[in-house]
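This note is meant to be read with the sequence and the model side by side. Its numbered points may be checked one at a time.

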Amino acid sequence: MSEEKKKALQVAALENGTAIDHIPPEHLFKVASLLELEKMNDPITIGNNLQSKKMGYKGMIKIADKFFVEDEINRIALVAPNVVLNVIRDYEVVEKKRVSLPSELVGIVKCNNPKCISNNEPMQSRFEVIDREKVTLKCYYCERKVSKEDIWIK
């Protein structure tokens, strides 16, 4: 990329970092909260209600010098499955992947059954993902099913 283009894209482009794209607008600030963006010192750009050919409107978060680990990606997938992560190095997208829930979540979600052993013993919670589209989980220990709107993320 030429130096002129880099200067022209100073606000919109990232030299290195991650762009989270195609976030449903109603979930943008929940994603920002889950990722604890307020604690980061790197430059962050947040856009909401941006026009999208695929979705009508979308949200987007760009974070300089931040590359997400699996646990963070799984948290995003719980709130906004099917967002697109663009990993950027030297102003170029080097990896593009659609976020999806894994088959199992460990230590991310709190069981909403107060009598579940995972809430009463020093152990990590463990959930099986039984519906990726609707985001429905089942606790490994007490077998309680939890729908997307009832999920408690740790």
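**Notes on the predicted model**

1. A hairpin joins β2 to β3 through three residues. The reader should bear in mind that this is a predicted model. The two strands of the hairpin run antiparallel, and seven bridges join β2, residues 44-52, to β3. One pair to locate on the display is Thr-45 and its bridge partner in β3, Lys-62. As general background, strands of a sheet pair through backbone hydrogen bonds, in either a parallel or an antiparallel sense.

2. Strand β2 also holds a backbone detail that deserves attention. Asn-49 lies in this strand, and its phi is near 60°, a positive value in a residue other than glycine. Asn-49 counts as partly exposed because its relative accessibility is 49%, and the range for that class runs from 20% to 50%.

3. Strand β3 has a second partner. β1 and β3 run antiparallel and are joined by five bridges. Within this pairing, Gly-17 stands opposite Ala-64 of β3. How much of β3 is buried? Seven of its nine residues are, and the strand is thus mostly covered.

4. The chain as a whole may now be considered. It contains four helices and 11 strands. Its C-alpha trace spans about 60 × 35 × 25 Å along the principal axes. Of its 154 residues, 43% are buried. The area exposed by the chain is about 9,400 Å², and carbon and sulfur atoms supply 47% of that area. Among contacts between residues at least 6 apart in sequence, 57% join residues at least 24 apart.

5. Which residues have the most contacts inside the largest nonpolar core? They are Ile-20, Ile-61 and Leu-78, in a core of 34 residues. Two or more residues of this core come from each of β1 (16-23), α2 (28-34), β3 (56-64), α3 (70-79), β8 and β9 (136-139). The largest share, five residues, is given by α3.

6. Leu-78 is a useful residue from which to explore the core. Apart from its neighbours within four places in sequence, Leu-78 is in contact with Leu-101, Leu-105, Ile-108, Val-109, Val-135, Leu-137, Lys-148, Ile-151 and Ile-153. The student may select these residues on the display and follow them along the sequence.

7. Another sheet should be traced separately. Four strands form an open sheet in the order β6-β8-β9-β10, with antiparallel pairing. Its edge strands are β6 (104-106) and β10 (145-146), each of which pairs on one side only. Between β8 and β9 there are four bridges, in the antiparallel sense. Val-129 stands opposite Leu-137 in β9, and Leu-137 is also among the contacts of Leu-78.

8. The loop between β9 and β10 contains Glu-143. This residue has a positive phi of about 65° although it is not a glycine. Is Glu-143 buried or exposed? It counts as exposed because its relative accessibility is 53%, and the cut-off for that class is over 50%.

9. A nonpolar patch on the surface is formed by Ile-117, Met-123, Tyr-140 and Tyr-141, which together have about 360 Å² of accessible area. Met-123 sits in the loop between α4 (117-120) and β8 (126-131). Met-123 is described as partly exposed because its relative accessible area is 31%.

10. The last residue to examine is Pro-114, in the loop between β7 (109-110) and α4. Pro-114 has a relative accessible area of 61% and is therefore exposed. Neighbours within four places in sequence aside, Pro-114 is in contact with Asn-119 and Asn-120. How far apart in space are Pro-114 and Tyr-91? Their C-alpha atoms are 48 Å apart, while the two residues are 23 apart in sequence.

Technical notes. Residues numbered from 1 in each chain as written. Predicted model: local features only at pLDDT ≥ 70, side-chain atom pairs only at ≥ 80, totals over all residues. Heavy atoms only, no water. Patch = residues over 30% accessible without salt bridge, like charges linked within 9 Å, V, L, I, M, F, W, Y side chains within 5 Å. Areas by Shrake-Rupley, 256 points an atom, 1.4 Å probe, with all protein chains shown as cover. Salt bridge = Lys/Arg side-chain N within 4 Å of Asp/Glu carboxyl O. Buried < 20%, exposed > 50% of the residue type's maximum accessible area, 1.4 Å probe, protein only. Core = buried A, V, L, I, M, F, W, Y, C linked by side-chain atoms within 4.5 Å. Contact = heavy atoms within 4.5 Å. Pairing = 2+ DSSP bridges.
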